[in-house]
Amino acid sequence: MNPDPAAAAPFHWTAEHEEFRGVVRKLTETRAPLACAPSPSSEDPRERELWRTWTTELGLPGLVIPEEHGGSGFSRLELAIAAEELGRAVAGGPLFASAVLATEALLAAGGEVAAEVLPGLAAGTTVAALAVTEGTRRWQAEDITTAVSGTPRLTGTKEAVLSAADATLLVVAAREDAGISLFAAEPGDGVEITPLEVLDPSRPMARVTLRDAPARRVGEPGQGWAAVERALEAGTIYLAAEQVGGSRALLDAAVEHAKTRVQFGQPIGRFQGVKHRLADMATRTELASAAAAWAAWQPPGSDAATLGAAVAGAYCSDAYLETALDAIQVHGGMAITWEHHAHRYLRRARADAAMLRSPRDHRRALEALIGTGI
């Protein structure tokens, strides 16, 4: 397995990238309260307004969708920029579930049904959720037992489906004679959605129970798991970029606190223990940033993207969690409370580690890739 030759040129952020970053940051800082979970169906007008900003002004749901399907046709690199800025604000909502996981699965599966629903996803008028995991909550093909019958109809239970309660479209992985296939189903007859109690309220999850629910096949029979793998690749890279943004926000806040908090007559940033902790936070953040950017730079589905996602997944999640814990210590342990923002990042970091595949799973994937002689 070798990296894509096109990715051999030196990487650099362009002026357009930095301009886009500045726009997303400005809109997020001015319109998104910390840990806001924007949703088009929310009763909170701030959430509806932020969702409108993301869709109408920034076009984030359609960023990687090709222009022929109503999107902008950009790459994962531009999406990673947006993810990093949203991670700084711990912004939640259905964007990750819809614009990354479900969209990438549909793009990979292709076919008439995907072509029909992608324009709505690009516009943000359709919100989709990718329903894959079941009782074990593992992203493994052998764990899929949801059955397909008739015209088709789906029967089974999906666990921990991200943003399912907000979804107007469910992209469901189910097993048939040809193997794992993807199906599009709509909330309604035969579909029961039960919200779950979660650690990070800005990333809601639900149990989806399907009882002879009508659905339409997406793509070719038996080719659904390849599309799920593509969605996992994209989701891992997006999460890594988000984690970089969260780490940068924590580092900035910790440095500022260390400069202004006075103890024993001097700023605590002068104490060696605090200096070393801040240095560790900065080092982890820079390494995570390099891993996430390199992974996002690779062509989707390429060997290099597989390698990049494994590296980012193995490193960035643990780095974010360690940085969140360090930030709380720099703040004197005061952040384990709703009165301080640092615990929101800690909640997100803990939840991220169990969101898709775990850092341990990514390290195992890296072991296998190294064994191929990369």
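## Close-up views of a predicted model

**View 1. Helix 5 and what it packs against.** Helix 5 spans residues 112–123, and its buried residues are V113, A114, V117, L118, G120, L121 and A122. Keep in mind that this is a predicted model. An α-helix has 3.6 residues a turn, so residues three or four places apart point the same way. The buried residues of helix 5 have plenty of partners: they pack against helix 4 (95–109), strand 1 (128–131), strand 4 (169–176), strand 5 (179–185) and strand 8 (216–218). Just past the end of helix 5 comes G124, with a positive phi of about 85°.

**View 2. Strand 1, covered on both faces.** Pick either side of strand 1 and you'll find it covered: A128 and L130 are buried on one side, A129 and A131 on the other. Strand 1 runs parallel to strand 4, and four bridges join the two. To get your bearings here, look for A131, which stands opposite V172 in strand 4.

**View 3. Strand 3 and its two antiparallel partners.** Strand 3 (residues 153–162) is mostly covered, with seven of its ten residues buried. One partner is strand 2 (residues 147–149), which pairs with strand 3 in the antiparallel sense over three bridges. In that pairing, V148 stands opposite L154. Three residues lie between the strands of this hairpin, and G150 takes a positive phi near 60°. The other partner is strand 7 (residues 205–214), again antiparallel to strand 3, over seven bridges. There, V161 of strand 3 faces A206 of strand 7.

**View 4. Aromatic pairs.** How many aromatic pairs does a search of the whole structure find? It turns up two. In one, the rings of F96 and Y238 have their centres 5.2 Å apart and their planes at 15°; planes under 30 degrees apart count as stacked, so this pair is stacked. The pair links distant parts of the chain, since F96 belongs to helix 4 and Y238 to helix 6 (residues 224–260), 142 residues apart. Both rings belong to buried residues: F96 has a relative accessible area of 1%, and Y238 comes in at 4%. The other pair, F264 and F271, is edge-to-face, at 6.5 Å centre to centre with 75° between the planes. Here F264 counts as exposed at 71% relative accessibility, while F271 is partly exposed at 27%.

**View 5. A charge over a ring.** This view is centred on W13 and R21. The charged end of R21 sits over the ring of W13, 5.0 Å from the ring's centre.

**View 6. The nonpolar cores.** The largest nonpolar core has 75 residues, and W54, L60 and F96 touch the most other members. Helix 6 gives the most to this core, with twelve residues. Zoom in on L60 and, leaving aside neighbours within four places in sequence, you'll see contacts with F20, W54, A82, L86, L95 and A99. A second core, separate from the largest one, has 20 residues, including V90, Y345, L346 and A349.

**View 7. Confidence along the chain.** The mean pLDDT of the protein is 92, and 95% of its residues reach 70 or more. Over residues 1–7, though, the pLDDT is below 50. Beyond near neighbours in sequence, that stretch has eleven contacts in the model.

Notes. Residues numbered from 1 in each chain as written. Predicted model: local features only at pLDDT ≥ 70, side-chain atom pairs only at ≥ 80, totals over all residues. Heavy atoms only, no water. Buried < 20%, exposed > 50% of the residue type's maximum accessible area, 1.4 Å probe, protein only. Contact = heavy atoms within 4.5 Å. Phe/Tyr/Trp six-rings, centres within 6.5 Å; stacked < 30°, edge-to-face > 60°. Lys NZ or Arg CZ within 6 Å of the ring centre and 35° of its normal. Pairing = 2+ DSSP bridges. pLDDT = per-residue confidence, 0-100. Core = buried A, V, L, I, M, F, W, Y, C linked by side-chain atoms within 4.5 Å.
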